[in-house]
Amino acid sequence: MGAKMTDAPAPAAGTPLRLFNSLTRQLEDFVPVHPGEARVYSCGPTVYNYPHIGNMRAYVFADTLGRTLSFKGYQLTHVINITDVGHLTDDADAGEDKMEKMAAEKAQSIWDIARHYTEAYWADVKALNIRQPAHWSIATDYVPQMIEFAKAIADKHCYELEGGLYFDTSTVSDYGALARAKTDEGEGRIEEVEGKRHAADFAIWRRTPAGETRQMEWDSPWGKGAPGWHLECSVMSEALLGFPFDIHTGGIDHREIHHPNEIAQNQAHSCSDASGARIWMHNNFLIERSGKMSKSSGEFLRVQLLIDKGYHPLAYRLMCLQAHYRSELEFSWEGLGAALTRLKRMVGSIEKSRDLALKGKIRKGHENAEHLTKLMLDQFGPAISDDLNTPQAIKVMEDILGLGSAPISVILEMVGWMDTVLGLNLLTLSRADLRIRPKSATITETEIEATLARRKEARASKDFATSDKLRDDLIAAGVEVMDGDPLGWDWRLGA
Ligand code: AMP
Ligand code: ZN
């Protein structure tokens, strides 16, 4: 197959990249800290349970950002952390440790819980064609560094309570600027910890209560205990990316508590007003019609559930890319079905081009390679450089796919380039890959094909009674027969 997945920057690399910075609430030109490089840190999952597809939207977004930076020719270093300690059931330092709670519920070791759900998360990362970051940083690997960091800021910025070491948010200038929250009250927070000086103050070190033993605990100058959740990201981002680095990402909920707390720690540690990252970016939420997506209410929407129902995971990736990352996106099965159909259409068109190319059929036309390259230069590059306008970028790609009279090899090469950003595996997916057997299906593909062949014979001999009966049998087995489908699908399995 002629198209190459190029590692050189595509011709569109010239358009300046503009990104929306949550700190300034403005679009800004991307100017790297280290010329030619892009260093990105993404807050990773808390591995106490399976990620839901909303969580995975955050990583499709971070991946699209990383792919765009590579496409623009920057040498990317991406870090995603794995939170296996410290995250409480309430982001604002209230409630129980999510990991300890799940381990107790399942009567398993916390380390086993962490391993199991980390692997499940990585499986979703793979299914959604999210590129591997340069580092998966595991929080529990960095506890000694977290203690050193806490020691460095303890005197000037922290105070001790029975529960451990707390950060005094009044000791840094402009606490909560990222959230635009009214500082002292720290909107929406519950004063759960007795003795806290300000509602927004948060735990740096959580001391194990006397008489208790936690599965995960370490010695520290403040007694045996575990680090507060926010500490890990300040420590690991600096250790792996330096200070400051370029871009920090996370879901929009992190704009309110977790990231303001990271920034406060960074300012304290660097004795400056530097937030740690030059640009803070946040993806908006995937929601359900009934409201916020959760792991406990209703059907637990995991990537594996989509696959079990017969949807290829890349249809979900496309569904994410069809919306701008800063817009809320409502999940529906109809929406996912529409994204799958769109993906089938793209893959079908590429397959057709490839077949023609293999048969040596060169389409004659007016457009030439130069024209196509220019089209991409003029439209795809600017779309993706405009704060990752993926909905527009996809339309441009479809326009290029639809250029019926263009040279096939050039089209495939252009698609290859564009797909380095979109990550839909367009050059390798086949239509057959997109037809996934729902878990509930009671009939195999071979049986379906055999029944359809018999039905074809019946119809050819005008035996419509048999043909209708065979069709009804298929319907009873959950198979929808699709005569004359414009995409050329003969049948579909319903979930
Ligand atoms: P967690 O495992 O809870 O720390 O979340 C992992 C990532 O998913 C974080 O960046 C969250 O901000 C993000 N996130 C959580 N819920 C959603 C959602 N419904 N839609 C998009 N991102 C989400
Ligand atoms: Zn984080």
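## Salt bridges and the ligand 1 site

In a salt bridge, the side chains of Glu398 and Arg342 meet with an N to O distance of 2.8 Å. This contact joins distant parts of the chain, with Glu398 in helix α11 (residues 390-401) and Arg342 in helix α9 (residues 333-358), 56 residues apart. Glu398 counts as partly exposed because its relative accessibility is 24%, and the class runs from 20% to 50%. The model under discussion is predicted.

A second pair, Arg492 and Glu480, forms a salt bridge whose closest N and O atoms are 2.9 Å apart. Arg492 belongs to strand β18 (residues 491-493) and Glu480 to strand β17 (residues 479-481), so this pair ties together parts twelve residues apart in sequence. Both partners count as partly exposed: Arg492 has a relative accessibility of 37%, and Glu480 has 38%. Salt bridges with shared partners also join Arg455, Arg459, Arg471 and Asp483 into one network.

The pair Arg39 and Glu37 likewise forms a salt bridge between side chains, at 2.9 Å from N to O. Here Arg39 is buried, with 17% relative accessibility, and Glu37 is buried as well, with a relative accessible area of 18%. Both assignments follow because buried means under 20% relative accessible area. Across the model, the count of salt bridges comes to 21.

The other subject of this report is the environment of ligand 1. The ligand is surrounded by 18 residues, and the closest are Thr46, Gly54, Gly251, Asp253 and Leu286. By class, this shell holds six nonpolar, eleven polar and one charged residues. Helix α1 (53-71) and strand β12 (245-251) each supply at least two residues of the shell. The largest share, four residues, comes from α1.

Polar atoms of ligand 1 face the protein partners listed below.

| Ligand 1 atom | Protein partner | Distance |
|---|---|---|
| Oxygen | N or O atom in the side chain of Asn55 | 3.2 Å |
| Nitrogen | N or O atom in the side chain of Asn283 | 3.3 Å |
| Nitrogen | Polar backbone atom of Leu286 | 2.9 Å |

On its own, ligand 1 has 500 Å² of accessible area, of which the protein covers 94%. Leu286 thus appears in two roles: this residue is among the closest to the ligand, and its backbone provides a polar atom 2.9 Å from a ligand nitrogen. The side chains of Asn55 and Asn283 supply the partners in the other two listed pairs, with an oxygen of the ligand in the case of Asn55 and a nitrogen in the case of Asn283.

How values were computed
Residues numbered from 1 in each chain as written. Chains lettered and ligands numbered in written order. Predicted model: local features only at pLDDT ≥ 70, side-chain atom pairs only at ≥ 80, totals over all residues. Heavy atoms only, no water. Near = heavy atom within 4 Å. Polar contact = N/O pair within 3.5 Å; in protein donor to acceptor, adjacent residues only side chain to side chain. Areas by Shrake-Rupley, 256 points an atom, 1.4 Å probe, with all protein chains shown as cover. Nonpolar A, V, L, I, M, F, W, Y, C, P; charged D, E, K, R; others polar. Salt bridge = Lys/Arg side-chain N within 4 Å of Asp/Glu carboxyl O. Buried < 20%, exposed > 50% of the residue type's maximum accessible area, 1.4 Å probe, protein only.
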